[in-house]
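Biologist: Could you take me through one part of this model, the sheet, and show me how its strands pair and what packs on it?

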Protein chains: 2
Amino acid sequence: MTVTRPTLLVNSRVARSNIRRMASKFSRLDVRLRPHFKTHQSLEVGRWFREAGIRSITVSSVDMAARFMEDGWRDILIALPANPAKTPRINAWPGDLTLHLLVDHAVAVERVAARLTRPVEMWIKIDTGARRCGLQPQHAEEIMALVRLIQCQPLMHLRGLLTHAGHTYAAADPAGIRDRHNQSLAEMARLREWIRNAGGGEMEISIGDTPACSVCHDFPGVTEVRCGNFVFYDIMQYRLGSCRLEDVAVRLICPVIGSYPDRNEVVVHGGKVHLSAEGIAGEDGTRFYGLVAEFASTNPWPAPLPGARVRSLSQEHGVIRLGRQKAADFLPGDLLALLPVHSCLTADLATDMIDLDGRRIDAPAAV
Amino acid sequence: MTVTRPTLLVNSRVARSNIRRMASKFSRLDVRLRPHFKTHQSLEVGRWFREAGIRSITVSSVDMAARFMEDGWRDILIALPANPAKTPRINAWPGDLTLHLLVDHAVAVERVAARLTRPVEMWIKIDTGARRCGLQPQHAEEIMALVRLIQCQPLMHLRGLLTHAGHTYAAADPAGIRDRHNQSLAEMARLREWIRNAGGGEMEISIGDTPACSVCHDFPGVTEVRCGNFVFYDIMQYRLGSCRLEDVAVRLICPVIGSYPDRNEVVVHGGKVHLSAEGIAGEDGTRFYGLVAEFASTNPWPAPLPGARVRSLSQEHGVIRLGRQKAADFLPGDLLALLPVHSCLTADLATDMIDLDGRRIDAPAAV
């Protein structure tokens with residue numbers, strides 16, 4: 001395994017174990033797992049999910065849906081409110097594909113419906129706290145008007161209500177995640193009942209965030225979950241309490257290009273164009289951009305170096321502050337492996353992805 | 001011009017004017033402009049520089065050097081400390097290419113030299129304040145040892161001392177940029193004199209940051225400047241005082257996918273995988289991720305909407321807080337244009353790049 005530029009190393013044993021754990025949890029709960037494939041965007045990693053019995057997936061763009069459709073996936077939800085300009089493109093997709101769209105606005109329904117020539121499954125996006133997309137659950141009349149509008153469209157089949165409780169990411173700990181999860185589910189359940197009583201029919205419920213799917217045990221009334229990050233996890237999820245450090249399944253291997261004993265730092269080729277610019281506050285409040293481990297083809301997956309942090313990133317440089325280790329131990333030409341703060345963004349940027357045997361895995365940004 | 005997904009719009013008139021202004025400034029000063037092409041990474045934009053008389057360029061990786069070499073560039077500096085593992089690759093490059101490498105460590109020199117089979121121009125990286133790569137200028141003995149080591153390598157030709165005064169980015173205003181620029185130049189001049197007196201010969205001086213190249217007028221003793229961001233500029237440079245808002249030459253066109261009058265916000269398809277996760281603190285201390293303008297093919301480049309800000313980004317979503325305008329004026333299917341905080345990272349992520357006539361420009365991440 002010869003690595004000469006920043007390369008994403010995937011521990012397939014850890015990733016497959018993350019997949020199996022989540023699949024068996026939701027199988028026991030009789031809740032459909034529709035994993036979000038934006039985290040890995042890899043056809044091969046997608047097949048690991050298929051081997052675990054997964055048949056339904058989530059993606060975050062029409063382009064990503066096309067990619068997985070071509071690899072045989074036939075039940076795909078695009079978890080971004082529908083972009084009417086994409087209607088001609090999805091019209092051209094095969095009839096045996098079950099395609100799910102999201103809406104939260106009458107104009108989106110009208111603009112999509114005006115050009116739609118194929119059946120689609122529809123979900124109404126509800127905002128239970130993330131303050132990104134979705135209708136407020138207390139605006140039941142407005143939501144009911146959208147229910148009626150969708151039910152009037154001959155090619156649209158309304159499936160239910162969908163939320164992403166993204167405010168779990170702002171929780172301080174697993175108890176906070178559970179509180180927000182329960183609040184979100186309670187609002188969804190009340191809304192479902194309101195719609196049923198108003199004659200809108202029975203709504204399925206789809207929810208989505210990895211923190212809640214990782215730490216919560218109760219999913220009453222939920223039809224499906226759309227978590228995605230859990231396949232790789234990352235430092236952000238570890239800090240939230242969603243996973244153990246040993247569940248983080250990706251590391252960016254980076255060539256060392258500088259060693260600075262005076263400040264006990266080394267610099268690697270590996271920057272914002274590889275890891276993304278995403279940072280996170282450490283225990284002492286100082287922002288950092290990843291943890292650090294050694295890398296050798298004979299020992300590709302050692303425990304992270306105690307106290308070592310990616311202190312700053314620029315476009316192609318990563319500056320690493322070491323802990324107990326000495327900067328002088330790492331020289332230009334050596335390799336280090338960085339544990340990313342946000343694996344979804346790191347994987348999105350990956351041009352090279354390999355497993356622990358050095359075998360190539362198809363990567364989102366492969367050139 | 002039909003835009004259905006996040007697309008980088010380049011105002012070629014503004015970009016070419018930025019190029020001409022910088023080229024004529026350094027031509028008057030008799031300083032070589034070796035622009036950093038990591039900002040745009042586009043062959044076509046590279047040709048705009050060629051038309052402005054530029055023949056020497058800077059890149060940030062071996063891959064990027066290869067891309068521009070194939071387009072006819074014959075004087076390329078790779079502004080990342082040399083990665084010894086890349087030596088076999090650069091050995092294979094044409095003999096008429098003048099290739100410049102950076103080093104700040106004896107081991108890098110030794111490991112590169114051990115496998116080098118072609119002549120290379122060498123620069124010693126000096127750290128005048130960025131605290132990223134480079135030797136401290138006060139460690140003149142150590143630097144002199146590196147001078148001697150390079151001068152002993154038959155295929156290495158030592159050109160001089162190189163710095164990137166990246167600490168200008170932390171300056172509060174143009175006066176602060178000038179102070180740091182002058183401090184950096186003074187340290188480089190003292191070091192050059194020390195090396196000359198110690199018998200190391202005459203060193204050229206190469207410096208690099210866009211803030212100083214934009215706002216400073218004095219470059220005594222400087223052989224070349226390697227600024228790059230100025231071709232597009234961005235909100236970060238505007239906030240530093242490096243440019244006017246109308247000098248920002250790129251905008252990301254994004255489809256509107258949600259409109260939320262209650263909170264006067266709209267959501268676009270356009271997130272961290274398009275703009276990067278780079279934010280900046282606003283006047284009131286609140287972090288934001290871009291400015292916002294309308295977009296129509298009949299009026300593709302209007303002034304930004306007063307008070308409108310990209311408030312948050314997730315992987316594919318951008319949340320825009322409007323100012324005086326009403327969210328209800330922007331509906332799913334409409335288009336908006338975002339002015340990026342950091343144009344280098346935004347361009348790096350671009351799969352689609354077009355000019356104001358809708359003509360395609362080759363983009364770094366084109367798929």
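Modeller: Happily! Two strands count as paired if DSSP finds at least two bridges between them; helices (H or I, at least four residues) and strands (E, at least two) are themselves DSSP runs, numbered from the N terminus. Please keep in mind that this is a predicted model, where local features need pLDDT of at least 70, side-chain atom pairs count only at pLDDT 80 or more, and totals for chains, interfaces and linings use all residues. Residues are numbered from 1 along each chain as its sequence is written, while chains are lettered from A and ligands numbered from 1 in the order in which they are written.

Now to the sheet. In chain A, eight strands make an open sheet with parallel pairing, in the order E2-E9-E8-E7-E6-E5-E4-E3. Strand E2 (32-33) and strand E3 (57-59) of chain A are at the edges with a single partner strand each, so one side of each has no neighbour in the sheet. Looking closer, strand E6 (residues 120-126) of chain A is joined to strand E7 (residues 156-163) of chain A by seven bridges in the parallel sense. One residue to click on is Trp123(A), whose bridge partner in E7(A) is Gly160(A).

Against this sheet packs helix H7 (residues 174-197) of chain A, which touches E6, E7 and strand E8 (204-207) of chain A; contact here means C-beta atoms, placed from the backbone, within 7 Å. The direction of H7 makes about 145° with that of E7(A), where axes are lines fitted to C-alpha atoms, for helices over the stretch in contact, and angles run from 0 to 180 degrees between N-to-C directions.

Terms used
Contact = placed C-beta atoms within 7 Å.
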